[in-house]
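Work through the exercises below with the sequence and the model open. Each task is followed by a solution in steps.

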Amino acid sequence: MDRFVDEALVLSTVDYGDADRIVTFFTRDHGRLTAFAAGARKSKRRFAGALEAGTWLKASLVSRGAGQETCRVDKVDVVKSFHRLRDDLPLIARALYCLELCRELTRDGQPHVELFEALKDYLALLDERKAGPTSLLKFELDALQYTGFMPRFSPCALCHGPTGPQPRFDAQHGGVVCFACSPRVPHGVFVPPAVVEALAGLQAGARVPLAPELRARARELLNVFIAHHLGRQLKSVAFMEQVGLD
Ligand SMILES: [Zn+2]
């Protein structure tokens with residue numbers, strides 16, 4: 001048995017039995033992990049509603065030893081519940097999407113401190129209602145970068161030359177290829193150069209809000225890219241589209 005304390009964000013929860021809850025945490029120093037919270041739905045004293053998706057807390061955890069992947073939650077202290085975003089559907093949808101994205105891009109026991117900090121900062125931004133619609137694209141690009149799935153928007157993923165006026169996007173080749181290389185990517189789809197430029201700019205740290213149409217095309221492209229890498233569409237994408245992003 002090994003007891004440790006770590007900062008954690010609650011990625012998701014599943015109720016178990018009458019009183020318990022299984023929680024997937026994204027911890028700062030131990031990465032993603034699953035923990036069993038006995039009596040979480042009854043014991044107000046120990047958990048006091050803290051084990052909800054999106055809550056940032058300090059968790060005392062007990063690992064159950066070798067071969068036992070699930071930890072036990074001993075105690076939690078809420079650092080921030082981000083309660084203000086919880087009464088606005090589009091903000092909830094974006095938060096749930098970011099949590100799901102982080103859960104799916106990471107693996108148990110592999111720390112991603114930069115991603116942890118980025119997720120925490122983005123939830124805070126949503127909570128303060130300061131996250132403009134372009135900020136979600138930036139978060140997705142950062143999340144992909146920190147987990148090693150970064151798509152390339154410039155230069156051409158194959159010949160490393162300029163992507164030119166007729167770029168194609170191909171998730172399998174990791175990004176955008178130029179017209180001359182396009183015969184080598186039969187599944188590549190044409191992407192307007194403005195979209196490629198906008199994404200390359202965001203990737204490089206530009207903070208310019210994108211026009212709605214450009215944003216929609218960029219989102220579509222990232223959706224395809226992320227679904228390709230994860231082998232499926234994230235569940236929260238449909239919810240986010242349903243309630244609207246802006
Ligand atoms: Zn090329």
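**Exercise 1. The nonpolar core**

Which residues of the largest nonpolar core touch the most other members?

Solution. The model is a predicted one. Step one: the largest nonpolar core has 65 residues, and Phe 25, Cys 98, Cys 102 and Leu 119 touch the most other members. Step two: sort the core by element; helix α1 (residues 89-105) gives the largest share, eight residues. Step three: sort the core by domain; at least three residues come from each of domain 1 (1-131) and domain 2 (138-234). Step four: take Phe 25 and set aside its neighbours within four places in sequence. Phe 25 is then in contact with Ala 8, Leu 9, Val 10, Leu 11, Leu 33, Ala 35 and Ala 59.

**Exercise 2. The surroundings of Leu 57**

Decide whether Leu 57 is buried or exposed, then describe its place in the strands.

Solution. Step one: count the C-beta atoms inside 10 Å of Leu 57. There are 22 such neighbours, so Leu 57 counts as buried, the cut-off for a buried residue being 20 or more. Step two: locate the residue; Leu 57 lies in strand β4 (residues 56-63). Step three: find the partners of the strand. Strand β1 (residues 2-16) is joined to β4 by eight bridges, and the two run antiparallel. Strand β5 (residues 71-80) is also antiparallel to β4, with eight bridges between them. Step four: fix the register on each side. Lys 58 in β4 stands opposite Glu 7, and Ala 59 has Val 76 in β5 as its bridge partner. Step five: list the contacts of Leu 57, leaving aside neighbours within four places in sequence. They are Ala 8, Ala 50, Val 76, Asp 77, Val 78 and Val 79. Step six: compare with a residue further along the chain. Phe 139 is 82 residues from Leu 57 in sequence, and their C-alpha atoms are 21 Å apart.

**Exercise 3. The two domains**

Find what each domain contributes to the contact between domain 1 and domain 2.

Solution. Step one: take the bounds from the domain assignment, which gives domain 1 (1-131) and domain 2 (138-234). Step two: place the centres; over C-alpha atoms, they are separated by 31 Å. Step three: count the residues in the contact, 13 from domain 1 and nine from domain 2. Step four: assign the domain 1 side to elements. Those giving two or more residues to it are α1 and α2, and α1 supplies the largest share, seven residues.

**Exercise 4. The chain as a whole**

What pattern of helices and strands does the chain follow along the sequence, and how does its radius of gyration stand against the globule rule?

Solution. Step one: count the elements, six helices and eight strands. Step two: read them along the sequence, which gives β-β-β-β-β-α-α-α-β-β-β-α-α-α. Step three: apply the globule rule. For 246 residues it gives 18 Å, and the radius of gyration is 20 Å, close to that value, so the chain is as compact as a globular protein of that length. Step four: add the box, which is roughly 65 × 40 × 30 Å along the principal axes for the C-alpha atoms. Step five: note that buried residues make up 36% of the chain. Step six: take contacts between residues at least 6 apart in sequence; 53% of them join residues at least 24 apart.

**Exercise 5. Confidence**

Where in the chain is confidence lowest, and where is it highest?

Solution. Step one: start from the chain average, a pLDDT of 93, with 97% of the residues scoring at least 70. Step two: go to the elements. Helix α6 (residues 235-243) is lowest, at a mean of 92, and helix α2 (residues 113-127) is highest, at 98.

Note on methods. Residues are numbered from 1 along each chain as its sequence is written. This is a predicted model: local features need pLDDT of at least 70, side-chain atom pairs count only at pLDDT 80 or more; totals for chains, interfaces and linings use all residues. pLDDT is the predictor's confidence in each residue, from 0 to 100. Helices (H or I, at least four residues) and strands (E, at least two) are DSSP runs, numbered from the N terminus. A residue is buried if 20 or more other C-beta atoms lie within 10 Å of its own, exposed if 12 or fewer, and partly exposed in between; C-beta atoms are placed from the backbone. Two residues are in contact if their C-beta atoms, placed from the backbone, lie within 7 Å. Two strands pair if DSSP finds at least two bridges between them. The radius of gyration is taken over C-alpha atoms; the globule rule is 2.2 Å times the number of residues to the power 0.38. A nonpolar core is a set of buried Ala, Val, Leu, Ile, Met, Phe, Trp, Tyr and Cys residues joined through C-beta atoms within 7 Å. Domain bounds come from an automatic or database domain assignment.
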